[in-house]
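Biologist: Please take one part of this model and go through it closely. I am new to it, so set the scene and then stay with the strands and what surrounds them.

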Amino acid sequence: MPRSSPARVAHDQTVRLLRNGCPFTATVRAGSGVIAVDQPVALRLVGRRAVLIGGPAGVRTFYDETLIRRRGATPAFLQNTLFGRNAVHGLDDETHRSRKRLFLDLITDDAAADMHRRALQGWRAELAAWPDRGTVWDAAVRIFGTAVQGWAGVGPGGMSEIPDLQATRDRRSRDLATIVDGFGSVGVGALRARAARRRADRWATAAVLAARSHLGAQPPTPLTHIAGFRDTDGHLLPERTAGVELLNILRPTVAVAWFAVFGALALIRHPDLRDRLSGSDESSDMLRAVANEIRRTTPFVPLLAGKARKGFRLGDVQVRTGTRVLLDVPGTNMDPGRWSSPESFRPERFLQDPGAATSDHFVPQGGGDRYTGHRCPGEPFAVELVTATLRALSESSWTVPHQDLTVDARRIPTRPAGGIRLLVQS
């Protein structure tokens, strides 16, 4: 029996990715004539062969370390701006597992609960003094940045607590948000992101050096843990690399502000949620269900990238060694073959199936095993920060003035226009 032709799209798709943002993967599938998320599609991206995969089988393939590596998978301009040079994201095998242990040792259940408490306290203080034109976006960046820097033990000079602590932390939070806001753009946004990255690298490296000068002399903090971490060779990380990994805890935590804004939008679009969540505590299953549904329906990026370690066959597509393998994030999270009415906002799906939050068809922050693979180690922080936001907004009284609440899905990452302005009643 003759083999069927593989699904394929002609021409390089880089410009389409930059123009389309998160709808890119659906556009590629439509162009290939194949809509099913679990069917691979061959294409070209950044001038090289690539294959788009998705669904549970695609997720398992993407996180199979015998097939896929991370080294060299992300284009350098994205890797260096978002993650930083020599970051954990581009490592493989034992080197990756050793470096990832640095994050897993810090981002524990107790640390996530502490982050929830810090963020909730920050939201309550912020809402009590809410400015007339305050936005959820600005508040979330400030609150999450303050929470994670306080938890990590990062002061203005690396270790010292001086009077301008809050102003310094606010500036750093804005820089971290600027890095995330511009990593997927071109033009002015990309230039701002790179400038913010340079500033962040400088102060993070200085923080590491200051911490190393005090190792053992002060109580341990996440900062001192990173500063004192030894890699597989038994040596301290180069100070610049240690600074990069410090930022790889701080930056993703601030980036949860994007999910927080979509949390506010969900409360606006579904007013009954406010009543259901009002009075919830941090252990509320419903809070977590809403947080997970927000993360499912509002993808941060259109795809994740790896490279084939060796040649293998995936359906009708022959994947050659070195081919870039792209995981379809929104397609997997919205796959009608795995999610009932995927376009509907239904938090109850995570109550009816608690295992969905760790399944191979739920990949808002990557898939696979959080402890041994490349799934984001900071996912517990994200869930706790979103639940803290939902708690605080649900227990307060506010109205929504007339504004533009549209979401441009072509922007990477996207959020509601204007950041959602609220009028909070004291």
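Modeller: What follows goes from the whole chain to the paired strands, and then to a few single residues.

This is a predicted model, where local features need pLDDT of at least 70, side-chain atom pairs count only at pLDDT 80 or more, and totals for chains, interfaces and linings use all residues. Residues are numbered from 1 along each chain as its sequence is written, and side-chain values use heavy atoms, with hydrogens and water left out.

First, the whole chain. The protein chain has 16 helices and 10 strands. Helices (H or I, at least four residues) and strands (E, at least two) are DSSP runs, numbered from the N terminus. The C-alpha atoms fill a box of roughly 75 × 55 × 40 Å, taken along the principal axes. A compact globule of 426 residues would have a radius of gyration near 22 Å, and the 21 Å of the protein chain agrees with that. That radius is taken over C-alpha atoms, and the globule rule is 2.2 Å times the number of residues to the power 0.38.

Of the 426 residues, 57% count as buried. Buried means under 20% relative accessible area, exposed over 50%, and partly exposed in between (1.4 Å probe, protein chains only). Take the contacts in the chain with a separation of 6 or more: residues 24 or more positions apart account for 70% of them. Contact means heavy atoms within 4.5 Å.

Now the strands. Two strands pair if DSSP finds at least two bridges between them. Start with β2 (residues 41-45) and β3 (residues 48-53). They run antiparallel and are joined by 5 bridges. R44 stands opposite R49 in β3. The two strands form a hairpin with 2 residues between them. In that turn, V46 has a positive phi of about 50 degrees.

β3 has another partner. It pairs with β8 (residues 324-328) in the parallel sense, over 4 bridges. Here I53 stands opposite L327 in β8.

β8 leads on to β5. These two run antiparallel, with 5 bridges between them. G306 stands opposite V325 in β8. β5 spans residues 303-308 and is mostly covered: 5 of its 6 residues are buried. β5 also pairs with β4 (residues 68-69), again antiparallel, through 2 bridges. The bridge partner of R69 in β5 is K307.

L327 appears again in a core of 17 residues, which also includes Y63, A308 and L314. A nonpolar core is a set of buried Ala, Val, Leu, Ile, Met, Phe, Trp, Tyr and Cys residues joined through side-chain atoms within 4.5 Å. This core is separate from the largest one.

Y63 leads to a histidine. H374 is found in the loop between α15 (348-352) and α16. Not counting residues up to four places away in sequence, H374 touches Y63, R70, H89, L91, D92, H96, K100, G367 and D369. With H96 there is also a polar contact of 3.3 Å between the side chains. A polar contact is a pair of N or O atoms within 3.5 Å; within protein, one must be able to donate a hydrogen and the other to accept it, and residues adjacent in sequence count only if both atoms are side-chain atoms.

Next, the largest nonpolar core. It has 85 residues, of which W123, F144, W151 and L390 touch the most other members. Its largest share, 19 residues, comes from helix α11 (residues 239-269). Among the contacts of W151 are L106, M115, P222, I249 and F381, leaving out residues up to four places away in sequence.

F381 also touches A112, as do P380 and E384. A112 lies in helix α6 (residues 109-128). A112 has a relative accessible area of 4%, so it is buried. The C-alpha atoms of A112 and A382 are separated by 8.6 Å, though the two are 270 residues apart along the chain.

Last, two buried polar residues. R169 sits in helix α8 (residues 165-182). Its relative accessibility is 8%, so R169 counts as buried. The R169 side chain reaches the backbone oxygen of V154 at 3.0 Å. S396 is in the loop between α16 (379-395) and β9 (398-399). S396 counts as buried because its relative accessibility is 17%. Its side chain reaches the backbone oxygen of L393 at 3.3 Å. Leaving aside neighbours within four places in sequence, S396 is in contact with L127 and R274.
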